[in-house]
Amino acid sequence: MSGRLAQGTVAVLGFGHQGEVQALNLRDAGLAVVVGARPGGESERRASAAGFATRDPAGALRGARTVAVLLPDQALPAAWPALAPALAPGAALVFAHGFNLLFGGLAFPESVDVVLVAPTGPGSALRAAREGGAPLPAYLAVHREASGVAWEVAEAYAAALGCAPLWRTTVREETEVDLFGEQVVLCGGMNALVTAAFETLVEHGYTPEIAYLECVHQLKYLADLLHARGVAGLRDAISGTALFGDLSRGPRVIGPESRAEMRAILDEIRSGDFARAWAREASGGRRWLDAEVERARGHALEAARRRALAGGSDPAKGD
Ligand SMILES: NC(=O)c1ccc[n+]([C@@H]2O[C@H](COP(=O)([O-])OP(=O)(O)OC[C@H]3O[C@@H](n4cnc5c(N)ncnc54)[C@H](OP(=O)(O)O)[C@@H]3O)[C@@H](O)[C@H]2O)c1
């Protein structure tokens, strides 16, 4: 482990999805960790219960040689002006996503390194990787070089987290690709696809529970195959009927119109339009977002899920 990382305390700001797991992994790697959490808040209580020393966020920064900035992306721009003056000269700042480095307008003192160590999965996958589970790759980038050893700091931090292999990139590439992936495939695309497929079957008179099991529930087994073997390997594992349907029908589902939308979404990410829209929504109290989440919670797909997993139909009743 880099001497620089091992010297002094690592302050972890935020004890949410990433903050909690990064604090645990760094402690398991033998580093001295202090958690920066709002006094009296839920995170302060949980971090103390997990045995961490806690300070208010600015207090945690003072004297820390390395600072992991793991506050929610939408909260950081407002919180940062009160935090930056507390940074020790020569500290290294570690971000887990480049969003605010690219779009947040954050100001940094001259003497600090600012690096990106972005694990390529959620906190649960990062914790599992540290505990000997499946390896979790991470992207590394240097946003601001002050010490001359910023790449080494990023590599040592990622190794302490338990990430491997490590991929050098830029803040711009990590941010744009991460946003594109979550919007087009991992969250936006997947949720829209399974919802539309469920609705199509139910509109045509099929049983909602069966539509749910087929178009949503089974996705996990195929995603696991994709994760383990890639697209070609998944195709080796499915029936001939499924394979013919895959290659002859899949490109119609994601046809020219979907590809044009993918390009439009990428343009909005690259131009900063998406970041500005999200900043407006977050600073306006997330009214549209929270209403959409609530509306989707009431979708027929959720009730079908509860029924589908609670038990099958009664054979005595027949069709
Ligand atoms: N979630 C993931 O799987 C994932 C994966 C890769 C990278 N990342 C990146 O990791 C970073 C953290 O994301 P996250 O999902 O872990 O965030 P999160 O779970 O939403 O973070 C919540 C934490 O931030 C604290 N917090 C919120 N507002 C604050 C403020 N104004 N001042 C001080 N503390 C505040 C909360 O404290 P209280 O309890 O006091 O409210 C809580 O400890 C982001 O840059 C994200 O893009 C996340």
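Modeller: Before you look at the model, one word: buried means under 20% relative accessible area, exposed over 50%, and partly exposed in between, with a 1.4 Å probe and protein chains only. The model is predicted, so local features need pLDDT of at least 70 and side-chain atom pairs pLDDT 80 or more, while totals for chains, interfaces and linings use all residues. Residues are numbered from 1 along each chain as its sequence is written, and side-chain values use heavy atoms, without hydrogens or water.

Colleague: Fine. Which residues of α2 are buried?

Modeller: Helices here are DSSP runs of H or I with at least four residues, strands are runs of E with at least two, and both are numbered from the N terminus. In α2, the buried ones are Gln18, Gly19, Val21, Gln22, Ala23, Leu24, Asn25 and Leu26.

Colleague: What do they pack against?

Modeller: Contact means heavy atoms within 4.5 Å. The partners of α2's buried residues include the strands β1 (10–13), β2 (33–36), β4 (66–69) and β6 (113–119), along with the helices α7 (123–130) and α8 (150–161).

Colleague: How many Å should α2 span?

Modeller: Take 1.5 Å times one less than the number of residues. For the 12 residues of α2 (residues 17–28) that gives 16 Å, and the end C-alpha atoms are 17 Å apart, which agrees. Just after α2, glycine 30 has a positive phi of about 95°.

Colleague: Let's try β1. Is valine 10 buried or exposed?

Modeller: Valine 10 sits in strand β1 and counts as buried because its relative accessibility is 0%. Its contacts beyond four places in sequence include Leu26, Val33, Thr66 and Tyr157. Valine 10 and valine 67 are 57 residues apart along the chain, yet their C-alpha atoms are separated by 5.7 Å.

Colleague: And where does threonine 66 lie?

Modeller: In strand β4. At 2% relative accessibility, threonine 66 is buried too, and beyond four places in sequence it touches Leu5, Thr9, Val10, Ala11, Ala92, Val94 and Tyr157.

Colleague: Now the ligand. Which residues come nearest?

Modeller: A residue is near if one of its heavy atoms lies within 4 Å. There are 17 around the ligand, and Phe15, Gln18, Arg38, Ser43 and Asp73 come nearest.

Colleague: Which atoms of glutamine 18, arginine 38 and aspartate 73 are involved?

Modeller: A polar contact is a pair of N or O atoms within 3.5 Å. Glutamine 18 uses a backbone N or O atom, 2.8 Å from a ligand oxygen. In arginine 38, a side-chain N or O atom is 2.8 Å from an oxygen of the ligand, and for aspartate 73 a polar side-chain atom lies 2.6 Å from a ligand oxygen.

Notes
Polar contact = N/O pair within 3.5 Å; in protein donor to acceptor, adjacent residues only side chain to side chain.
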